[in-house]
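Okay, thanks everyone for coming. I'll keep this short and talk about pockets today, so have a look at the screen.

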Amino acid sequence: VLKGLRYLHSKMSIIHRDIKPGNILVRKQPGVPLTPEDVCISDFGLCAMFSSPLIQTSNLKCGTDCYNSPEQLKGESY
């Protein structure tokens, strides 16, 4: 999940803004070890794209409250 988020931030200039367990999909086959391809980040309905990977901050309150970042809960930029 962290590698996926790093890719979204650094290569695609996207922040997801609603990361929570319900938005992480895992495909598991009995007796087969998990691979990175078995984990998927879903629900990009609240994501934001930025024009530059260097400028990726927002202060818009959105997402699921109990999974918001501390910065967002304080009303700061995240």
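I'll go through two pockets and then one loop residue.

Bear in mind that this is a predicted model. Let's start with the largest pocket, where there's about 330 Å³ of space. It has 15 lining residues, and the ones closest to the pocket centre are Arg17, Asp18, Ile19, Ser69 and Tyr78. If you sort that lining by class, you get eight polar, five nonpolar and two charged residues.

Okay, on to the second largest pocket. Here we have about 190 Å³ of space. Who lines it? That would be Val1, Lys3, Gly4, Pro36, Val39, Cys40, Ile41 and Phe44. The elements giving two or more residues to this lining are helix α1, at 2-12, and strand β3, at 39-41. And which element gives the most? That's β3, with three residues. As for class, the lining of this second pocket has six nonpolar residues, one polar and one charged.

Last stop, Thr35. You'll find Thr35 in the loop between β2, which spans 24-26, and β3. So is Thr35 buried, exposed or partly exposed? The relative accessible area of Thr35 comes out at 34%, so we call it partly exposed, given that buried is under 20% and exposed is over 50%. One distance while we're here: Thr35 and Leu8 are 27 residues apart along the chain, and their C-alpha atoms are separated by 19 Å.

That's my tour, thanks.

Note on methods
Residues numbered from 1 in each chain as written. Predicted model: local features only at pLDDT ≥ 70, side-chain atom pairs only at ≥ 80, totals over all residues. Heavy atoms only, no water. 1 Å grid on protein atoms, 1.4 Å probe; cavity = no way out; pocket = protein on both sides within 12 Å on 5 of 7 lines; lining within 4 Å. Points joined across faces, edges and corners; volume = space filled by probe spheres on them. Nonpolar A, V, L, I, M, F, W, Y, C, P; charged D, E, K, R; others polar. Helix = DSSP H or I, 4+ residues; strand = E, 2+ residues; numbered from the N terminus. Buried < 20%, exposed > 50% of the residue type's maximum accessible area, 1.4 Å probe, protein only.
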